[in-house]
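Trainee: Please take one part of this model and go through it slowly. I would like to see how a single strand is described before we turn to a helix.

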Amino acid sequence: MWRLDDTEGPFRVRKKLELEHAKIPLHVRVQESDSREVHQPEDEAQSVVQLEVPPWEESYEFAATEVEEEQQWDEDVSDDKHRRVRHELEPGDVIQDVRNVTHVTGVDASPGLLILGKTHLYMLDGLLLQDDGEIIEAQDAPKDILLVPGTIVELDGQQPAQRWSLERIATFSKRTFLFRDVALEIYMKDSRSIFVVFPTYRDRQEINNKFSHLMSIRAASDAVTSPAAPLIRSPFLSRVTARVFTGARDEVASARSRWQAREISNFAYLSILNQASGRTRCDVTQYPVFPWVVQDYTSDELDLSKHETFRDLSKPMGALTPARQEAAATRYSNLESIGEPPFHYGTHFSSSMIVCHFLIRMSPFTHMFKTLQGGDWDLPDRLFTDIKRAWDSASKESRGDVRELIPEFFTLPEFLWNSAGLDFGKQTSSGEKINDVKLPPWAKNDPFLFITLHRQALESDYVSRNLPAWIDLIWGYKQKDPNSFNAYHPLSYEGAIDLDAIADPLEREATVGIIHNFGQTPRKLFSHPHPPRIMDGRTSLPLGTQFGISEDYSMLSQDSKPLRNSLEEAVTYLAFDTMSEKVLPCTSQMLYVPLYPHESIHWGLPDQSIRLHIDKKVVQVAESAQCVCAAFADSEALITGMEDSTVGVWKLVRLPGERTSLTWTHILRGHTDRVVNVAASRAWSLIASGSDDQTVILWDLNRAHYVRTLKHDTKVSLVAIQESSGLVASCSKTCLALHTINGLQIAALNLFSLDPIHSIAFHEREWAKTGVLATGSHGTITFRTWSIEDTPPGETAQWKWKTLHEYKCRKVDSGDSPIVTAIKFIGESMYSGDSTGKVYAWDFPE
């Protein structure tokens with residue numbers, strides 16, 4: 001059974017699935033790699049200062065000679081909680097701080113210890129620290145020490161321990177939980193995060209201050225070691241600075257200006273507003289909220305040029321019809337007349353039940369839904385079964401239904417399938433067994449097409465023009481406006497109640513229940529009407545941009561002369577130096593390190609080694625690597641394909657005052673023949689490896705383990721990952737295939753009658769209506785997209801590759817056409833490298 005992975009892509013999108021139970025052991029952790037440094041410097045002695053000494057710390061020192069004692073710990077860890085804590089610490093680490101917290105994941109809450117060490121952060125679920133310094137099991141703790149009211153405490157079985165190197169922490173932000181300002185969300189560089197709730201505001205602030213100090217030290221260090229320190233490149237918000245995580249108002253203003261200038265999409269902007277207002281996928285009571293944008297769920301085709309296709313974004317869902325407006329106004333006036341705080345709706349547009357209702361077919365939300373329902377499904381007729389039916393209920397039919405949508409409606413087709421074969425029962429009216437979600441006719445029975453068209457609707461001109469009105473309702477000056485029919489229960493707004501001030505436990509529990517049931521309104525971000533988007537010029541492109549690859553795919557022209565830094569042999573990869581803004585060609589056996597163009601990796605040498613060069617000098621040699629191909633996920637993670645059918649994962653380590661070092665961390669086993677091409681994406685924590693065994697294997701980069709296999713009929717020669725979407729393209733001698741990040745085949749092209757493909761590259765843009773894959777062959781570059789336009793009426797969508805344009809390359813001096821061996825898109829420009837070593841720029845007319 002598959003479950004939604006907690007790894008987040010650009011703009012905190014979660015769309016990658018992982019196996020829920022079966023963990024296939026197809027990787028080996030490399031304990032000590034066969035590598036040597038060239039001119040290795042002398043080791044420096046390190047001194048550590050222990051700031052606090054918890055009871056379990058004692059005078060223990062980790063050493064290699066104490067393996068027998070550590071094995072003894074394993075035997076009695078269940079009887080000695082202090083030893084269990086010591087056992088979880090990294091060798092040599094020193095405790096800086098320990099706090100009781102509650103680790104919130106979805107609707108579950110796990111009491112535990114948050115331990116801040118000198119080198120690592122630890123989350124030990126299931127253990128708590130008493131005032132007398134004793135460690136106890138959470139299940140044995142007094143009720144009042146469990147900290148978080150209103151959550152379902154998960155205490156069954158052995159609780160997991162997690163640890164992160166402090167270097168892996170990207171940033172953090174203060175959060176509220178049930179409107180209590182006592183939570184912290186910590187974001188890791190591997191695109192994962194944890195959400196913890198502290199007993200008091202003071203506890204949270206003290207840890208927050210220590211993280212702030214840690215980050216300030218890191219910033220000073222990164223200023224020396226990293227050329228891109230101020231930016232988070234991909235884990236969550238792409239090229240948005242880390243301060244947006246804290247909701248800093250200048251960063252929200254910056255995002256607003258970028259949205260107005262069409263530099264970011266509607267989806268990206270809404271994601272930023274959700275993040276800045278405290279919404280997070282870690283806590284389903286504060287899940288990101290997105291709007292219903294379409295009201296046409298009956299047509300065979302979705303016409304985005306007609307305003308009748310769209311929902312009225314100036315009104316909340318509870319006021320889209322005159323009858324609903326009248327009912328809302330009556331409720332408001334009746335409450336006002338008896339002296340009660342007035343509101344229009346007894347429910348909310350976002351709540352934990354709404355989220356789990358929509359995502360019921362997907363683990364872990366299946367479990368969450370049952371938990372909220374007391375362990376069973378709801379009545380079959382009340383489950384999410386039909387998108388049109390859900391729209392009708394929320395827009396006109398049910399007075400108690402005023403829900404908006406969640407981001408998965410624009411990103412995740414898998415939530416519409418009942419892939420686990422869950423038995424939801426039968427509908428009372430028709431007797432029909434509930435299975436997949438029923439889609440509107442224009443989706444042609446294809447969830448992937450529904451998500452594609454629904455995202456197009458969100459990015460349409462109509463929504464771009466009217467989105468400010470909806471933002472005013474959710475985050476703006478109309479958040480409590482009675483004239484806009486937009487007042488919800490008073491307890492759904494931040495600051496309406498102070499739970500800590502309620503002394504009576506029963507009253508406090510009742511108040512918590514009200515907050516849970518009514519939902520939570522996002523934090524207010526704007527006090528004035530939201531400005532409009534600038535819609536002059538070509539609205540699919542940023543303001544001032546005249547041409548785009550997706551829009552003007554036939555208008556590029558090749559420069560008459562190659563770039564100066566061409567090579568003497570075939571170019572197989574094109575790197576880009578962001579500092580000098582130069583394209584750097586690579587041969588078949590070397591790569592430049594991203595963001596560090598003075599560093600490079602070399603292989604294919606007689607001794608079968610991999611070598612790290614800095615400033616063109618060899619500084620480290622990893623011997624007997626048998627490397628065939630390589631790719632970088634980012635400046636710290638190198639992926640290699642090996643002659644012996646394995647995939648290697650390597651880590652580049654940079655410490656202040658020390659030279660970069662290369663460490664072989666994992667060997668991934670799954671192929672049965674040599675691996676000839678690899679691609680990696682840090683944004684999606686994804687590795688794709690192509691092999692002579694006729695398969696592509698997708699691996700999880702964070703966990704270094706196998707995920708799934710994509711099959712071809714002949715040897716696979718090329719793989720590529722689209723950073724913006726996670727789509728995977730792969731090519732063999734006979735087939736060009738396109739798959740989703742979860743292995744669903746979208747399109748396949750038979751190449752028997754076509755020239756062999758020697759290079760592939762996706763056009764990268766945060767969002768484009770037309771996706772583009774470029775392929776390089778003998779003297780040509782072909783732009784293709786994936787389309788359903790040939791689908792017969794009334795049939796399920798049939799995706800096929802569609803040729804957009806074919807470019808002929810300049811011939812060499814001999815009159816022959818070179819083979820295009822490398823392609824790279826940089827913004828709305830393209831660069832190509834060929835078999836003669838030359839690199840050309842392709843640009844639009846000025």
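**Strand 5 and its partners**

Mentor: Strand 5, residues 95–105, is mostly covered, with 10 of its 11 residues buried. Keep in mind that this is a predicted model. Strand 5 pairs with strand 6 (residues 108–117) in the antiparallel sense, over 10 bridges. To find one position in that pairing, take Val98: its bridge partner in strand 6 is Ile115. The hairpin of these two strands has 2 residues between them, and Gly106 there takes a positive phi near 70 degrees. Strand 5 also pairs with strand 14 (residues 193–197), again in the antiparallel sense, over 2 bridges. In that pairing, Thr102 has Val197 of strand 14 as its bridge partner.

Now the helix. In helix 10 (residues 447–458), 11 of the 12 residues are buried, so the helix is largely enclosed by the rest of the structure. Among the buried residues are Pro447, Phe448, His454, Arg455 and Leu458. The elements that the buried residues of helix 10 pack against are helix 5 (266–276), helix 9 (387–397), helix 11 (461–474) and strand 33 (745–750). At the N-terminal end of helix 10, Asp446 acts as a cap: one of its side-chain oxygens lies 3.0 Å from the backbone nitrogen of Phe448. The length can be checked too. At 1.5 Å a residue, the 12 residues of helix 10 should span 16 Å, and the end C-alpha atoms are 16 Å apart, which agrees.

Notes. Residues numbered from 1 in each chain as written. Predicted model: local features only at pLDDT ≥ 70, side-chain atom pairs only at ≥ 80, totals over all residues. Heavy atoms only, no water. Helix = DSSP H or I, 4+ residues; strand = E, 2+ residues; numbered from the N terminus. Expected span 1.5 Å × (residues − 1). Buried < 20%, exposed > 50% of the residue type's maximum accessible area, 1.4 Å probe, protein only. Contact = heavy atoms within 4.5 Å. Polar contact = N/O pair within 3.5 Å; in protein donor to acceptor, adjacent residues only side chain to side chain. Pairing = 2+ DSSP bridges.
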